[in-house]
Amino acid sequence: MRRLLLVAATAIAAALAATAGAALSQDAKMSFFVTSVGSGKGADLGGLKGADAHCASLAEAAGVSGKTWHAYLSSSAEDARDRIGKGPWFNAKGEKIADDVASLHSDANAITKQAALTEKGEVVNGRGDKPNRHDVLTGSKPDGTKIAEQTCGDWTMSGAEGVAMVGHHDRMGLDDSAAAKSWNSSHASRGGCSQEALQGTGGDGLFYCFAVE
């Protein structure tokens, strides 16, 4: 009887180890996510460096280390598309988002509400959910290049002044236009760069993070 119990226990332990190994492998593959939380200060992310650091901190807390993370944000001096490496990129479940920069900015990308997960592997609220959090900060045109004066002071403003371009991670909007379905360039924020202003149009100060290497 003891022998049978020992064999059973050994088998269970082996199965758990295999499962844990698979989970670790999948987590380590993650190279793209939507931040589960923003800075809490609207579009004031501490500039690009602060946004990059936020990406790295969230990834580390989720158990993914050893990677360089950059926020998908344009500024007056940089284009978002030039900040994120070469790809390919995978979400927290190991699902491929895009092969490279060109496919990311084409209809070939796999960004949807179900695929644009947080670093924890969670789905972000979209249109129809309460609260709606589908507005993702980008400051970018559809091709990933900067939009002048739509980066909330290069991500340092959190008041009633300034404007930020946002995309819809769930690819849904008020109509079926290309802008409404755009993951990175849907509409400008209204009422400034504060947390309240971003929440007022269906956002929460969230942004995309990509592993550069």
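**Exercise 1. The surroundings of D135**

Leaving aside its neighbours within four places in sequence, which residues is D135 in contact with? Work on the predicted model, and then describe the charge state of the site in terms of salt bridges.

*Solution.*
Step 1. Place the residue. D135 sits in strand β5, which covers residues 135–137.
Step 2. List the contacts. Beyond four places in sequence, D135 touches V166, G167, H168, H187, L198, T201, G202, G203, D204 and L206.
Step 3. Look for a charged partner. D135 is buried but has no salt bridge. The nearest side chain of opposite charge belongs to R190, 6.6 Å away. A salt bridge requires a distance within 4 Å.
Step 4. Look for a polar partner. The side chains of D135 and H168 share a polar contact of 3.2 Å.

**Exercise 2. A loop threonine**

Is T145 buried or exposed? Identify its polar partner and its contacts.

*Solution.*
Step 1. Locate T145. The residue is in the loop between β5 and α4, the latter being 152–155.
Step 2. Apply the cut-off. Buried means under 20% relative accessible area. T145 has 18%, so this residue is buried.
Step 3. Find the polar partner. The side chains of T145 and D143 make a polar contact of 2.6 Å.
Step 4. Add the contacts beyond four places in sequence. These are S74, D79, R81, G139 and S140.

**Exercise 3. Two disulfides**

Which cysteines pair, and which parts of the chain do the pairs join?

*Solution.*
Step 1. Count. There are two disulfides.
Step 2. Take C55 and C209. Their sulfur atoms are 2.0 Å apart. The torsion about the S-S bond is -80°, and the link is left-handed. C55 is in helix α2 and C209 in strand β8, so this pair ties together parts 154 residues apart in sequence.
Step 3. Check burial. C55 is at 0% relative accessibility, so C55 is buried. C209 is also at 0% and buried.
Step 4. Take C152 and C193. Their sulfur atoms are 2.0 Å apart. The S-S torsion is about -95°, so this disulfide is left-handed. The pair links distant parts of the chain, 41 residues apart: C152 lies in helix α4, and C193 lies in the loop between β7 (187–188) and α5 (195–200). Both C152 and C193 are buried.
Step 5. Write the connectivity. With bonded cysteines counted along the chain, the pattern is 1-4, 2-3.

**Exercise 4. Salt bridges**

How many salt bridges does the structure hold? Describe R83 with E78, K96 with D99, and D204 with R133.

*Solution.*
Step 1. Count. The structure holds six salt bridges.
Step 2. Take R83 and E78. Their side chains meet at 3.1 Å, N to O. R83 has 6% relative accessibility and is buried. E78 has 34% and is partly exposed. D52 joins E78 and R83 in a salt-bridge network.
Step 3. Take K96 and D99. The N to O distance is 2.7 Å. K96 is partly exposed at 42%. D99 is partly exposed, with 42% relative accessibility.
Step 4. Take D204 and R133. The closest N and O atoms are 3.0 Å apart. D204 is in strand β8, R133 is in the loop between α3 and β5, and 71 residues separate them. Both D204 and R133 are buried.
Step 5. Link back to Exercise 1. D204 is among the residues in contact with D135.

**Exercise 5. Core and fold**

Which residues touch the most other members of the largest nonpolar core? Which element gives the most to this core?

*Solution.*
Step 1. Name the residues. The core has 43 residues, and W69, L73, L104, L137, W155 and F207 touch the most other members.
Step 2. Name the elements. Two or more residues come from each of β1 (32–34), α2 (47–61), β2 (69–71), β4 (96–98), α3 (101–104), β5, α4 and β8 (203–211).
Step 3. Pick the top contributor. β8 gives the most, with six residues.
Step 4. Set the core in the fold. The chain has five helices and eight strands. Their order along the sequence is α-β-α-β-β-β-α-β-α-β-β-α-β.
Step 5. Add the chain totals. Of the 213 residues, 46% are buried. Among contacts with a separation of 6 or more, 68% are between residues 24 or more positions apart.

Notes. Residues numbered from 1 in each chain as written. Predicted model: local features only at pLDDT ≥ 70, side-chain atom pairs only at ≥ 80, totals over all residues. Heavy atoms only, no water. Helix = DSSP H or I, 4+ residues; strand = E, 2+ residues; numbered from the N terminus. Buried < 20%, exposed > 50% of the residue type's maximum accessible area, 1.4 Å probe, protein only. Lys, Arg positive; Asp, Glu negative; His and termini not counted. Polar contact = N/O pair within 3.5 Å; in protein donor to acceptor, adjacent residues only side chain to side chain. Contact = heavy atoms within 4.5 Å. Core = buried A, V, L, I, M, F, W, Y, C linked by side-chain atoms within 4.5 Å. Disulfide = S-S within 2.5 Å.
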